[in-house]
Amino acid sequence: MQRKNPRVIAWTQVYRRQHKKGEYSAAYCCCLVELTGACLSHTGVADQAQKKKTKKTVKYQRGYVGATLTDIAAKKLKATQTREEHQAAAIAKAKEEKKERDTTKKPREKVAKPAQQPKLSKRQVRAKGAGGPKGPR
């Protein structure tokens, strides 16, 4: 079954918007003013087509049973201060442990690696063996 085009179906929003149902353009309104002497935009007909504006929700904090807003703010501030203190203490402890590890660690002796031979390209390898006979005997 094929899907119908919403511009063809009379009750869809797309159709109503395309064919200006429920809205009156300025030209149409002016024509009616000449004929009837009354403007449709002032009678409220044009206002019906507008969408309702939604209220924007506003977030705010409030106290609850056993704690006022100032108490909550004080606890929040205290929590951040204690968190920073704990973090500073942890960093200092880690630094001390690292110092202790560095002082107890013995320095490693470097083992000399044997020198590697330079890699040869295919062309260089062929040139080395060029003096010998080619192919099987």
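Colleague: Why is K20 called exposed?

Modeller: Happy to explain! This is a predicted model, and in it K20 has a relative accessible area of 51%. Exposed means over 50%, so K20 counts as exposed.

Colleague: Where is K20 placed, and what is its phi?

Modeller: K20 is in the loop between helix 1 and helix 2. Its phi is near 55°, a positive value in a residue other than glycine. Most residues other than glycine have a negative phi.

Colleague: What makes T12 buried?

Modeller: T12 has 12% relative accessibility. The cut-off for buried is under 20%, so T12 counts as buried. You will find T12 in the segment before helix 1, which covers 13-18.

Colleague: Which backbone atom does the side chain of T12 reach?

Modeller: The side chain of T12 reaches the backbone oxygen of I9, at 2.9 Å. A polar contact needs a pair of N or O atoms within 3.5 Å, and the 2.9 Å from T12 to I9 lies within that cut-off.

Colleague: How do you know that helix 3 lies largely in the open?

Modeller: Of the 36 residues in helix 3, the number buried is zero, so helix 3 lies largely in the open. Across the protein chain, buried residues make up 5% of the 137 residues.

Colleague: What span does helix 3 have, set against the expected one?

Modeller: From its first C-alpha to its last, helix 3 reaches 53 Å. That is close to the 52 Å expected at 1.5 Å a residue.

Colleague: Which elements have the lowest and the highest mean pLDDT?

Modeller: Helix 2 (residues 26-36) has the lowest mean, 53, and helix 3 (residues 69-104) the highest, 91. Where pLDDT is low, the predicted coordinates should not be read in detail. For the protein chain, the mean pLDDT is 77, with 73% of residues at 70 or more.

Colleague: Why is the pattern of the protein chain written α-α-α-α?

Modeller: The protein chain has four helices and zero strands. Helices are numbered from the N terminus, so reading along the sequence gives α-α-α-α.

Definitions and conventions: Residues are numbered from 1 along each chain as its sequence is written. This is a predicted model: local features need pLDDT of at least 70, side-chain atom pairs count only at pLDDT 80 or more; totals for chains, interfaces and linings use all residues. Side-chain values use heavy atoms; hydrogens and water are left out. pLDDT is the predictor's confidence in each residue, from 0 to 100. Helices (H or I, at least four residues) and strands (E, at least two) are DSSP runs, numbered from the N terminus. The expected span of a helix is 1.5 Å times one less than its number of residues. Buried means under 20% relative accessible area, exposed over 50%, partly exposed in between (1.4 Å probe, protein chains only). A polar contact is a pair of N or O atoms within 3.5 Å; within protein, one must be able to donate a hydrogen and the other to accept it, and residues adjacent in sequence count only if both atoms are side-chain atoms.
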